[in-house]
Amino acid sequence: FFNSSGEMGCWDYQGREVWRRKFRAADPRKEHFNKQHEPILHGDTIITLEPLSPGEPGYRSDRDWWHHLRGIDGKTGKTRWIAEDGSTYYCTSVLGKTAGGISAIFTARGGPHGVPERPIGVSLVSLQPGQEGKTLWRYTPESLPGGPLDGTTFQGLYTMSWDSRHCYLFRHAPEESHLVLNAADGSLLRR
């Protein structure tokens with residue numbers, strides 16, 4: 001079970017608690033909406049999206065409320081890994097496999113209301129054992145006339161998808177566009 005207010009846990013079929021963990025949640029005075037990034041089960045790892053806490057690896061005070069994909073051990077509730085790149089919680093990241101058969105997750109950054117994670121764009125993140133959370137590639141869209149590169153131009157709000165050959169997503173401005181990226185390296189193939 002997952003709760004965007006900062007708590008998750010595991011119970012057996014008789015209702016006995018197996019584990020429970022609390023994590024930093026959105027400040028309701030600043031963020032009064034639900035997080036739209038759903039947890040993903042990969043093997044016995046629960047992939048969530050949470051901000052880092054002071055003292056955790058990768059935490060920086062200038063990125064205090066950046067959110068990162070986090071692998072949680074489903075049997076113990078302990079953190080197994082934290083992704084290098086930040087992700088917005090406005091859309092759910094997508095699990096899949098590369099052409100080489102490596103499990104990975106496609107994730108996005110960008111959106112309105114001052115979404116802080118940078119650089120705006122998308123990343124493919126490894127789930128290969130021993131490499132979990134490592135960025136395989138990152139795509140940062142170019143700034144176009146009539147659409148400066150910001151949370152208005154490129155938003156990680158839309159449903160994304162990917163397969164072993166392509167990643168599919170949308171750009172908001174200067175005109176709504178369907179983007180197709182090469183899943184091997186993140187290069188833009190067509191708009």
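This passage reports the nonpolar cores, the enclosed cavity, the salt bridges and the surroundings of one glycine in a predicted model. Local features were accepted at pLDDT of at least 70 and side-chain atom pairs at pLDDT 80 or more, whereas totals for chains, interfaces and linings use all residues. Numbering starts from 1 along each chain as its sequence is written, and side-chain values rest on heavy atoms, with hydrogens and water left out.

Nonpolar cores were defined as sets of buried Ala, Val, Leu, Ile, Met, Phe, Trp, Tyr and Cys residues joined through side-chain atoms within 4.5 Å. Residues are termed buried under 20% relative accessible area, exposed over 50%, and partly exposed in between (1.4 Å probe, protein chains only). The largest core comprises 18 residues, and Phe106, Val122, Trp137, Met160, Trp162 and Leu169 have the most contacts inside it. Two or more residues are given to this core by each of β9 (103-109), β10 (121-126), β11 (135-139), β13 (166-171) and β14 (177-182). Of these, β9 provides the largest share, 3 residues. Strands here are DSSP runs (E, at least two residues), as are helices (H or I, at least four), numbered from the N terminus. A second, separate core of 10 residues includes Ile40, Leu69, Ala83 and Ile105.

Contacts were assigned to heavy atoms within 4.5 Å. With neighbours within four places in sequence set aside, Trp137 is in contact with Phe106, Val122, Ser123, Leu124, Cys167, Leu181, Asn182, Ala183, Ala184, Asp185 and Gly186.

Internal space was examined on a 1 Å grid over the protein atoms alone, a cavity being a set of points where a 1.4 Å probe fits but cannot get out, with lining residues having an atom within 4 Å of a point. Grid points are joined across faces, edges and corners, and the volume is the space filled by probe spheres set on the points. The structure holds 1 cavity of 30 Å³ or more, and the volume of the largest cavity is about 60 Å³. Its lining includes Val122, Met160 and Leu169, which are also among the residues with the most contacts inside the largest core. Cys91, Ala108, Phe154 and Tyr158 are other members of the lining. By class, 9 lining residues are nonpolar, 3 are polar and none is charged; Ala, Val, Leu, Ile, Met, Phe, Trp, Tyr, Cys and Pro count as nonpolar, Asp, Glu, Lys and Arg as charged, and the others, Gly among them, as polar.

A salt bridge requires a side-chain nitrogen of Lys or Arg within 4 Å of a carboxyl oxygen of Asp or Glu. The whole structure contains 15 such pairs. Asp85, buried at 8% relative accessible area, takes part in two of those described here. Its bridge to Arg109 has an N to O distance of 4.0 Å; Arg109 is itself buried, at 0%. Because Arg109 belongs to β9 and Asp85 to β7 (residues 79-86), this pair ties together parts 24 residues apart in sequence. In the bridge between Arg138 and Asp85, the closest N and O atoms are 2.6 Å apart. Arg138 is partly exposed, at 42% relative accessibility, and lies in β11, so its pairing with Asp85 in β7 ties together parts 53 residues apart.

Glu7 and Lys22 form a further salt bridge, with closest N and O atoms 3.1 Å apart. The pair joins β2 (residues 7-11) to β3 (residues 17-22) across 15 residues. Glu7 is partly exposed at 21%, whereas Lys22 is exposed at 64%. Both belong to a salt-bridge network with Glu17 and Arg20.

Gly6 lies in the loop between β1 (2-3) and β2 and is buried at 7% relative accessibility. Beyond residues up to four places away, Gly6 touches Arg21, Lys22, Phe23 and Ala25. The C-alpha atoms of Gly6 and Arg21 are 8.4 Å apart, with these positions 15 residues apart in sequence numbering.

Note on methods: 1 Å grid on protein atoms, 1.4 Å probe; cavity = no way out; pocket = protein on both sides within 12 Å on 5 of 7 lines; lining within 4 Å.
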